[in-house]
Amino acid sequence: MNILLLGPPGAGKGTQGERLADRLGLRKIATGDVLRAAVREGTEQGRNAKAYMDRGELVPDEVILGIMKEALAEPECARGVILDGVVRTVPQAEGLQRVLAELGRKLDVVLLFDVEEDELVSRLSSRTICDSCQTPYSGLPPGETCEKCGGTLVRRKDDEPNAVRTRMRAYRDQTAPVVEWYRQRAEGSGTNGARLVPVKATGPVDEITERVLRDLGR
Ligand code: AMP
């Protein structure tokens, strides 16, 4: 099963993506994680992406399409994948469809994460992530230790207020039209498209995971 997580920054795609990948035994691909690793390693891709990411802007579509292509071709992805934040523009949605078709696969489900903007801003301003395994935490300050791997929690540069505003704008202007793109091609529209599943992404994290699994029939 190939599942795409779509929704604004701070909606919980990373947290839920991790849990769904565990429960469904699928590989998770998060373009944000791939790019942050490239920045840490100082590769050419990382050096090129860093300025966009620090400002909260989207990195160019060609970069994302390259990451998608490489990641999806890996044998561990053949059973299916959870794609977290991988599609944020209409050309990326078209590109993903092409890449999957070349591999003889298709997107089965699009999970549409829904959270009020005020709640998103408050979540992002209290978020830290592990500098090693990238696990996100809410309410644990920078400098604390990651429960999962013992790494150090840090604040993401793009969780600062200016970058958050830019990311929200990028979501409204560039990613919200992607929801409409999938809606027009959804299952039942005669195009063999993916099933759209809305996710009310507020409340206890466990409950959200269980609700999503139920909606997926698992
Ligand atoms: P995330 O960890 O998903 O919030 O992504 C962090 C940053 O990485 C974003 O603000 C963008 O700068 C960049 N990024 C991640 N995924 C994409 C994508 N699919 N398209 C464009 N930029 C992306």
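## Starting at Ser 132

At 45% relative accessibility, Ser 132 counts as partly exposed, because that value falls between the 20% limit for buried and the 50% limit for exposed. The model here is a predicted one, so read every value as computed from its atoms. Ser 132 sits in the loop that links strands S5 and S6.

What does Ser 132 touch, once residues up to four places away in sequence are set aside? The list is Arg 40, Cys 149 and Gly 151. There is also a long hop in sequence to Ala 37: 95 residues separate Ser 132 from Ala 37 along the chain, while their C-alpha atoms are 9.1 Å apart in space.

## Gln 134, in the loop with a positive phi

Gln 134 belongs to the loop between strand S5 (127-130) and strand S6 (136-138), which is also where Ser 132 is found. Is Gln 134 buried or exposed? With 11% relative accessibility, Gln 134 counts as buried.

The backbone is worth a look here too. Most residues other than glycine have a negative phi. Gln 134 has a phi near 75°, a positive value in a residue that is not glycine.

## The chain as a whole

Stepping back, the chain contains 8 helices and 8 strands. Its C-alpha atoms fill a box of roughly 50 × 40 × 35 Å along the principal axes. For 218 residues, a compact globule would have a radius of gyration near 17 Å, and the chain's value of 17 Å agrees with that.

Buried residues account for 45% of the 218 residues. The chain exposes about 11,000 Å², and carbon and sulfur atoms supply 48% of that area. As for contacts, take those between residues at least 6 apart in sequence: 68% of them join residues at least 24 apart.

## H1 meets H8

Leu 20 is in helix H1 (residues 13-24), and Thr 209 is in helix H8 (residues 205-215). In sequence the two are 189 residues apart, yet C-alpha to C-alpha they are 7.1 Å apart in space. Both are buried: Leu 20 has a relative accessible area of 0%, and Thr 209 has 2%.

Leaving aside neighbours within four places in sequence, Leu 20 is in contact with Gly 25, Ile 82, Leu 111, Thr 209, Val 212 and Leu 213. On the same terms, Thr 209 is in contact with Gln 16, Arg 19 and Leu 20. For a contrast, try Thr 209 and Asn 162: they are 47 residues apart in sequence but 31 Å apart in space, again C-alpha to C-alpha.

## H5 against H7

Two packed helices are described by the angle between their axes and the distance between the axes. The axes of helix H5 (residues 90-102) and helix H7 (residues 161-184) come within 8 Å and cross at roughly 45°. H5 and H7 are therefore oblique to each other. On the H5 side the contact is made by Val 90, Ala 93, Glu 94, Leu 96 and Gln 97, and on the H7 side by Gln 174, Pro 177, Val 178, Trp 181 and Tyr 182. Sorted by class, this contact has 7 nonpolar, 2 polar and 1 charged residues.

Thr 89 is in the loop between strand S3 (81-84) and H5. Thr 89 is buried, with a relative accessible area of 7%, because buried means under 20%. Its contacts, apart from neighbours within four places in sequence, are Leu 58, Asp 61, Gln 174 and Val 178. Gln 174 and Val 178 are also among the H7 residues that meet H5.

## H2 against H4

How do H2 and H4 lie relative to each other? Their axes come within 11 Å and cross at roughly 100°, with H2 covering residues 31-41 and H4 covering residues 61-72. H2 and H4 are therefore roughly perpendicular to each other, since angles of 65 to 115 degrees count as such.

From H2, the residues Thr 31, Val 34 and Leu 35 meet Val 63, Ile 64 and Ile 67 of H4. This contact divides into 5 nonpolar, 1 polar and no charged residues.

Key. Residues are numbered from 1 along each chain as its sequence is written. This is a predicted model: local features need pLDDT of at least 70, side-chain atom pairs count only at pLDDT 80 or more; totals for chains, interfaces and linings use all residues. Side-chain values use heavy atoms; hydrogens and water are left out. Axes are lines fitted to C-alpha atoms, for helices over the stretch in contact, and angles run from 0 to 180 degrees between N-to-C directions. Helices (H or I, at least four residues) and strands (E, at least two) are DSSP runs, numbered from the N terminus. Angles under 35 degrees count as roughly parallel, over 145 as roughly antiparallel, 65 to 115 as roughly perpendicular and the rest as oblique. Contact means heavy atoms within 4.5 Å. Ala, Val, Leu, Ile, Met, Phe, Trp, Tyr, Cys and Pro count as nonpolar, Asp, Glu, Lys and Arg as charged, and the others, Gly among them, as polar. The radius of gyration is taken over C-alpha atoms; the globule rule is 2.2 Å times the number of residues to the power 0.38. Buried means under 20% relative accessible area, exposed over 50%, partly exposed in between (1.4 Å probe, protein chains only). Accessible areas come from the Shrake-Rupley method with a 1.4 Å probe; for residues, only the protein chains shown count as cover.
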